[in-house]
Amino acid sequence: MEFRGDASQRIAMISAHLQPSFTSQMEEKNSVMGRENCRGKGGKAGFKVAILGAAGGIGQSLSLLMKMNPLVSLLHLYDVVNAPGVTADVSHMDTGAVDSWDAKQLEDALTGMDLVIIPAGVPRKPGMTRDDLFKINAGIVKALCEGVAKCCPNAIVNLISNPVNSTVTIAAEVFKKAGTYDPKKLLGVTTLDVARANTFVAEVLGLDPREVDVPVVGGHAGVTILPLLSQVKPPSSFTLSETEYLTNRIQNGGTEVVEAKAGAGSATLSMAYAAAKFADACLRGLRGDANVVECSFVASQVTELPFFATKVHLGRTGAEEVYHLGPLNEYESVGLEKAKEELAGSIQKGVDFNRK
Ligand SMILES: NC(=O)C1=CN([C@@H]2O[C@H](COP(=O)(O)OP(=O)(O)OC[C@H]3O[C@@H](n4cnc5c(N)ncnc54)[C@H](O)[C@@H]3O)[C@@H](O)[C@H]2O)C=CC1
Ligand SMILES: O=C([O-])CC(=O)C(=O)O
């Protein structure tokens, strides 16, 4: 994350770039900042961020990390259970303001938000695929996105709940039905795939993972996770066995953690890190920073599929530019066909769910 400059420099920078609507008198009047039970004062500058599913494995660590982000002036923590406890805990950190919302308060939790992060839903156990989570998580994501459409239709949404390859389509269909769909603002979070790819490639190359950049395209499950090792920075070459090892490990990184946790859930700490990194990039984009680029699963014309993960440019209105794949080698071209075949079914499953 990029936390540069002292507090006054940052606040001046944020204020200079905030859109007038954020600070309009009407918003100030309705703002939860005026509520008596709002814990702490976050100041007028900065962004308002909601985490839906804030008391879960990802949600708790993500709440901690977002509470530390100086771009966030107000954090809304929403969950169907235990949100008050998590909120009380992070409210003692001497950073921005935080407020808690329970199951019946989704609309209050969402009103006025600039960014909504959704890690709500059940995680995998050993032997399950991400698609096995569809039955439960599809309905959760649909209900939460109906709230977003109603209460903060202009917010950027970072969708974490699995199966991402289907839940992003579910969200898109909800927003289309409500007449609020802006494809630039709906972002499936695939940052953990990139973090894993950078880590595993760095291990093979004997480098610091912070110096490595691996584009990971496609989607977020099994063969749909396609690392483009031919485009690694710094430029590197890999033998076929290294390519096969790295591709398999990146595609199965989630399962590696699920098996190691042996029934106690899936990746939470690395995912919270990845989600916080991606959310920070979205906020820097909203602020107007130049050159904010991350991989994300978004509405796309890069392939014939309506959604696809590639690098995107994050700006004041969300994913303002979706970058092309670049040149692929033969191994990656074969992988792309496999990824597209599986993705097509997962995307359609999300569309069909909303038509029921
Ligand atoms: N996109 C990605 O790269 C990754 C996605 N995930 C996914 O994230 C999701 C959450 O994982 P964990 O935090 O480990 O699960 P968890 O079970 O620890 O936490 C989920 C939280 O969601 C809450 N919740 C359930 N229904 C809700 C609703 N209607 N509204 C608000 N909150 C609700 C639960 O009360 C719980 O606190 C899972 O679907 C998991 O598969 C996990 C890792 C990586
Ligand atoms: O594997 C899972 O179920 C959780 C996940 O999406 C990941 O860790 O990439």
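Here is a walk through this predicted model, from the whole chain to its two ligand sites and then to one helix.

Let's start with the protein chain as a whole. Its secondary structure comes to twelve helices and eleven strands. The chain has 356 residues, and 47% of them count as buried. If you look at contacts with a separation of 6 or more, 70% of them join residues 24 or more positions apart.

The UniProt record, an unreviewed entry, gives one useful landmark: its annotation "domain: Lactate/malate dehydrogenase N-terminal" covers residues 48–188. In the model this span is 41% helix and 20% strand, and its end C-alpha atoms lie 19 Å apart.

Now to the ligands. Around ligand 1 there are 34 residues, and the closest are Gly53, Gly56, Gly57, Ala120 and Asn162. Sorted by class, this shell has 20 nonpolar, twelve polar and two charged residues. Helix H3 (57–67) and helix H6 (134–151) each supply at least two residues of the shell, and H6 gives the most, with four.

Ligand 2 has its own set of neighbours: Pro123, Arg124, Arg130, Asn162, Leu192, Gly254, Thr255, Val257, Val258, Ser266 and Ala267. You will have met Asn162 already, as it is listed among the closest residues to ligand 1 and also surrounds ligand 2. The class count for the ligand 2 shell is five nonpolar, four polar and two charged residues. Helix H10 (residues 253–261) gives the most to this shell, with four residues.

Next, please turn to helix H9, residues 240–251. Does its length fit that of a regular helix, and what should it span? At 1.5 Å a residue, the twelve residues of H9 should span 16 Å, and the end C-alpha atoms are 16 Å apart, so the two agree. Which residues of H9 are buried? They are Leu246, Thr247, Ile250 and Gln251. These four cover an arc of only 125° around the axis, which puts them on the same side of H9. The spacing makes sense: an α-helix has 3.6 residues a turn, so residues three or four places apart point the same way. On the other side of H9, Ser241, Glu244 and Asn248 are exposed.

What covers the buried residues of H9? The cover includes helix H8 (191–205), strand E7 (216–218), strand E8 (225–227), H10 and helix H12 (330–355). H10 thus links two parts of this tour, as it helps to cover the buried residues of H9 and gives the most to the shell around ligand 2.

Key:
Residues are numbered from 1 along each chain as its sequence is written. Chains are lettered from A and ligands numbered from 1 in the order in which they are written. This is a predicted model: local features need pLDDT of at least 70, side-chain atom pairs count only at pLDDT 80 or more; totals for chains, interfaces and linings use all residues. A residue is near a molecule or strand if its C-beta atom, placed from the backbone, lies within 6 Å of it. Ala, Val, Leu, Ile, Met, Phe, Trp, Tyr, Cys and Pro count as nonpolar, Asp, Glu, Lys and Arg as charged, and the others, Gly among them, as polar. UniProt positions are given in the numbering used here, feature names are shortened, and annotations may be inferred rather than shown by experiment. The expected span of a helix is 1.5 Å times one less than its number of residues. A residue is buried if 20 or more other C-beta atoms lie within 10 Å of its own, exposed if 12 or fewer, and partly exposed in between; C-beta atoms are placed from the backbone. The arc is that of the directions from the helix axis to the C-beta atoms. Two residues are in contact if their C-beta atoms, placed from the backbone, lie within 7 Å.
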